[in-house]
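Reader: Could we go through a helix packing and some salt bridges together? Please show the model before we start.
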Amino acid sequence: MAFKIYNPKPLAPVAETMLADAGIEVVRSSGPSKEDLMRDVADVDAIVVWLSPNKIDKEVIDAAQNLKLISRFGVGMEIVDVAYAQSKGIMVCNTPTSNANAVAEHAMYLMISCARNARIVDKMIHAGEFNSIKKISSVELEGSTLGIIGPGNIGSRVAKKAKQGFGMSVIAWDPYVDVKLSPDIERVATLDELLERSDFVSIHAPSTPQTIGMIGEDQLKKMKNTAFLINAARGDIVKEDDLIAALQTGEIAGAGLDVYTTEPLNPDSPLLAMDNVICTPHYAGFTNGAVVKTGIDVAESILDVSNGAPPKYILKK
């Protein structure tokens with residue numbers, strides 16, 4: 001019997017070919033509801049998880065009677081009940097490195113856009129205000145301090161690009177993971193110290209019980225009123241209402257955001273009306289190259305398990 005997977009949308013063509021050549025049978029989504037999902041996974045051997053309104057929770061896992069693998073297209077595992085799956089002997093993996101560079105580059109893009117007031121400048125030139133643009137204030141990255149929350153796969157790449165490419169001083173904080181930092185990156189002891197010293201604060205932490213709501217009113221007050229907050233990690237790490245208030249009152253200078261508390265972002269969100277906010281639609285990791293690399297990693301995890309081997313990036317219990 002063919003190894004059967006649920007994958008709601010196609011991977012990159014090269015990854016789809018890998019699966020087809022191996023005789024993998026693919027089930028696509030039959031509808032958006034949780035009930036549709038539970039029917040779709042009833043007899044599959046593996047589930048490919050994208051960002052979705054439907055979590056792979058206990059009910060979904062129990063509905064998949066033959067499930068051997070949950071493979072995440074991406075990194076964050078907050079939409080999967082990893083512990084429950086592992087308790088049932090189901091392997092869980094993600095793709096921790098395939099889009100790391102893409103996300104790191106996007107974080108730099110958000111920083112530069114904030115520093116140069118890109119939203120205001122773009123609006124002005126489209127309105128024909130060519131000479132007035134030169135009156136808009138902007139800052140340079142060189143010589144400024146970047147504070148990285150979570151210097152892991154992505155954060156460490158941001159640090160390298162900021163340090164070597166833009167001449168920034170880089171400090172980092174992570175009390176949860178003992179990451180070996182480059183000698184030219186300073187580890188700080190507390191989040192407060194990082195917030196107080198940084199001109200740009202870039203978040204690169206996963207969504208966990210420890211990090212959800214980590215940045216709120218008290219933390220934003222500790223930032224310089226000339227500083228910018230960058231978030232290309234997970235929206236629930238920042239208390240969005242508190243951020244909106246800090247941006248409206250000038251408590252911080254601005255923000256560059258790729259992720260939000262609720263996604264898709266509500267069209268009525270005040271964030272979309274603010275000239276000191278750069279918003280992108282949770283697409284930091286979706287460059288052409290990253291999509292191909294991530295698809296290959298997902299396909300390889302499926303092929304490994306179909307051949308009786310553990311996937312490369314299996315999560316530990």
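Author: What follows covers one helix pair and then several charged pairs. The model is predicted, with local features needing pLDDT of at least 70 and side-chain atom pairs pLDDT 80 or more, while totals for chains, interfaces and linings use all residues. Residues are numbered from 1 along each chain as its sequence is written, and side-chain values use heavy atoms, without hydrogens and water.

Reader: At what angle do H5 and H7 pack?
Author: Helix H5 (residues 100-115) and helix H7 (residues 153-166) pack at about 50°, their axes 8 Å apart. H5 and H7 are therefore oblique to each other (neither under 35 degrees, over 145, nor 65 to 115).

Reader: And which residues of H5 and H7 make the contact?
Author: Among them are Val-103, Met-108 and Ile-112 of H5 and Ile-154, Val-158 and Phe-166 of H7, where contact means heavy atoms within 4.5 Å. By class, the contact has eleven nonpolar, two polar and three charged residues (Asp, Glu, Lys and Arg count as charged; Ala, Val, Leu, Ile, Met, Phe, Trp, Tyr, Cys and Pro as nonpolar; the others as polar).

Reader: Changing topic, how many salt bridges are there?
Author: The count is 18, taking a side-chain nitrogen of Lys or Arg within 4 Å of a carboxyl oxygen of Asp or Glu.

Reader: Where do Arg-39 and Asp-36 lie?
Author: Both are in helix H2 (residues 34-40), three residues apart. Their closest N and O atoms are 2.4 Å apart.

Reader: Is Asp-36 buried or exposed?
Author: Asp-36 is buried at 12% relative accessible area, whereas Arg-39 is exposed at 55% (buried is under 20%, exposed over 50%, partly exposed in between, with a 1.4 Å probe and protein chains only).

Notes. Axes are lines fitted to C-alpha atoms, for helices over the stretch in contact, and angles run from 0 to 180 degrees between N-to-C directions. Helices (H or I, at least four residues) and strands (E, at least two) are DSSP runs, numbered from the N terminus.
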